Amino acid sequence: MQTAITPTRADNFPEWYQQVIKAADLAENSDVRGCMIIKPWGWGIWENVQRQLDAMFKATGHVNAYFPLFIPLSFLEKEAEHVEGFAKECAVVTHHRLEAKDGKLVPAGELNEPLVVRPTSETIIGAAYARWVQSYRDLPVLINQWANVVRWEMRPRLFLRTAEFLWQEGHTAHETMEEALVETEKMLGVYEKFAREHLALPVFTGEKSESERFPGAVSTLCIEAMVQDRKAIQAGTSHFLGQNFSRASGIEFATRDGGKEFAWTTSWGVSTRLIGTLIMAHSDDDGLVLPPRVAPSQIVILPVLAKEESRAAVLQAAGELAAALRVQSAFGEPIRVEIDRRDAGGGVKNWEWIKKGVPLRVEIGPRDLEKGVVAVSRRDRGPKEKEFPASGDFVATAGALLEAIQAGLLERATAFRDEHTRVIETGEEFRAFFTPKNAAQPEIHGGFALAHWDGTAETEEMIKEELKVTIRCIPRDANPEPGVCPFSGRPSARRVVFAKSY
RNA sequence: CGGGCUGUGGCUCAGCUUGGUAGAGCGCUGCGUUCGGGACGCAGAGGCCGUGGGUUCAAAUCCCACCAGCCCGACCA
């Protein structure tokens, strides 16, 4: 059977991913290595992610602000582990002027202190908080910013790992450790909920091991999703920073009893990587599949313009249908509808929208007009499947239909994840699970392994060396099951989630 | 930053081994036939063959240097 995307997922997963992005017109590589151009359809997804997440941040008491792109080099030096973590991938601005020389522009006007393009903003925000926070009465500070950051990556991949990417970073400062811990958990909860309810992604939540922790954090919580090649992808992180950064930046306040204490801070973020995760989790061999909640357009109307004599009537009916749908709602928002009036072949247009992943396609032609019906195709079904509800019925149920598609995607992704999540007891089982059965096409294999771990960095490192498998997260069950580490034979407090990862 | 490969119309690539007038498919433009399913015919536009140097009567083709990109490693949201 011919598929819209070649190669298929099974044939070559990484190449399939690139082709889906291209076919859906989401983004492309730019003239600057590692930096992508996000095209309107891809940007539309990000806008929805932003708007919906932002509402959740506001609902949990946060406000937005904006901090500079440039960070003085000296700021980055303040937190030792932080420096070590990010120094290798920083873009540095050293000049502030260009001069023409032999027909070329050369940098001139060297800066006294080089500026680092933010890889993250803990240090510069910390410096501001140090000024803003004088008393316990000034706490908590609950600020988020939507921004771009730069991490000079050697091997970029669209959305998953780009030198410049877009994200939000929340930075909070609290009076007590407990309060900061609650905040860290709360935002992890927001991410988990957003992933599940908006992106239809079931995620594991837990804590990172020391080796995977954010540089400078006391602990890092994360959400980990599984995509269709069964690899794990870190989709969001929430860090408890203790007093590390407040000490480095001097965020000190007068306590209730007249003493002095450093504030307890957190930071948390999700990035455009969510879009890459979304693509790899839901899409199929005919292209992108979008959860309705974040689809830029949820319904596309495709007027059948084949015959000149019916053209005007069909276009008018399409316009009326769109207007009727736009006053309906799905997920508590007005339904997003667009009409594709282009005078191209019906098949071509239809396939374009399949590849773009629009949840519902509605064809309306002269025969439908006579019968008062519309031809509805769902992206989560086969490309040729159509239903013919009465136009009015479709309008009335469209919101519910979108919600059902959203629920179906979550169900499908959850079933997939569960199918490829295994409780593993022995080292042999573990190795078998993570060894490709087909060495020629090793992309798709394995999954999540729930196995015991002795808690040492040595064991973790050994597994990473041998199998390229890492601990994705340490779940925080209320009643962890103790056991024996299959790699070292030492006791283990709990099972952890192992997987190959992006 | 190591190891391998590749730079030729907008895109994907052939041509290079054996030097001799720049090619194909897709896309694009126009006209026509189609069109409730990823259509077809005809006509057309579009290229200092990555950059610089060398060899030669003659270089996309051979040689040298440089630049850029891709893949595989190390690193990472």
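Which residues point one way from β10 and which the other way? Keep that in mind for the first close-up; every view here is taken from a predicted model.

**View 1. Strand β10 and its two faces.** Here's the strand that spans residues 219–226. S219, L221, I223 and A225 point one way from β10, while T220, C222, E224 and M226 point the other way. Whichever side you pick, the residues are buried. With eight of its eight residues buried, β10 is largely enclosed by the rest of the structure.

**View 2. The partners of β10.** Strands like these pair up through backbone hydrogen bonds, in either a parallel or an antiparallel fashion. Strand β9, residues 203–207, pairs with β10 in the antiparallel sense, over five bridges. Look for V203, whose bridge partner in β10 is A225. Strand β11, residues 232–242, also runs antiparallel to β10, and eight bridges join the two. In that pairing, S219 sits opposite F240 of β11. The hairpin of β10 and β11 has five residues between the strands, and R230 takes a positive phi near 70° there.

**View 3. S209, in the loop between β9 and β10.** Follow the chain between those two strands and you'll come across S209 in the loop. Is S209 buried or exposed? S209 is buried, with a relative accessible area of 2%. Leaving aside residues up to four places away in sequence, S209 touches W453, E460 and I474.

**View 4. An open sheet with a helix packed on it.** Four strands make up this open sheet, in the order β18-β15-β19-β20, and their pairing is mixed. At the edges are β18 (337–339) and β20 (375–378), each pairing on one side only. From one strand to the next, the twist averages 20°. Zoom in on β15 (residues 299–303) and β19 (residues 360–364): these two pair in the parallel sense over five bridges. I301 has V362 in β19 as its bridge partner. Helix α10, residues 346–356, packs on the sheet and touches β15, β18 and β19. The direction of α10 makes about 175° with that of β15.

**View 5. Helices α9 and α12, packed together.** How far apart are the axes of α9 and α12? The axes of α9 (residues 311–326) and α12 (residues 391–419) are 9 Å apart, and the helices pack at an angle of about 30°. That angle makes α9 roughly parallel to α12. Their crossing is right-handed. On the α9 side of the contact you'll find L321, A324 and L325, which meet S391, F394, V395 and A398 in α12. Sorted by class, the contact has six nonpolar residues, one polar and no charged ones.

**View 6. Helix α8, enclosed.** This helix takes in residues 273–282. Ten of its ten residues are buried, so α8 is largely enclosed by the rest of the structure. Among the buried residues are R273 and H282, along with L274, G276 and M280.

**View 7. Q145 and the residues around it.** Q145 lies in strand β7, residues 141–150. Q145 is buried, with a relative accessible area of 0%. Not counting residues up to four places away in sequence, Q145 touches A65, Y66, F67, R118, S121, I125, W167, Q168 and E169. For a sense of distance, Q145 and R293 are 148 residues apart in sequence, and 23 Å separate them in space, C-alpha to C-alpha.

Methods. Residues numbered from 1 in each chain as written. Chains lettered and ligands numbered in written order. Predicted model: local features only at pLDDT ≥ 70, side-chain atom pairs only at ≥ 80, totals over all residues. Heavy atoms only, no water. Axes fitted to C-alpha atoms, helices over the stretch in contact; angles between N-to-C directions. Parallel < 35°, antiparallel > 145°, perpendicular 65-115°, else oblique. Left-handed = near helix turned anticlockwise from the far one by under 90°. Contact = heavy atoms within 4.5 Å. Nonpolar A, V, L, I, M, F, W, Y, C, P; charged D, E, K, R; others polar. Buried < 20%, exposed > 50% of the residue type's maximum accessible area, 1.4 Å probe, protein only. Pairing = 2+ DSSP bridges.
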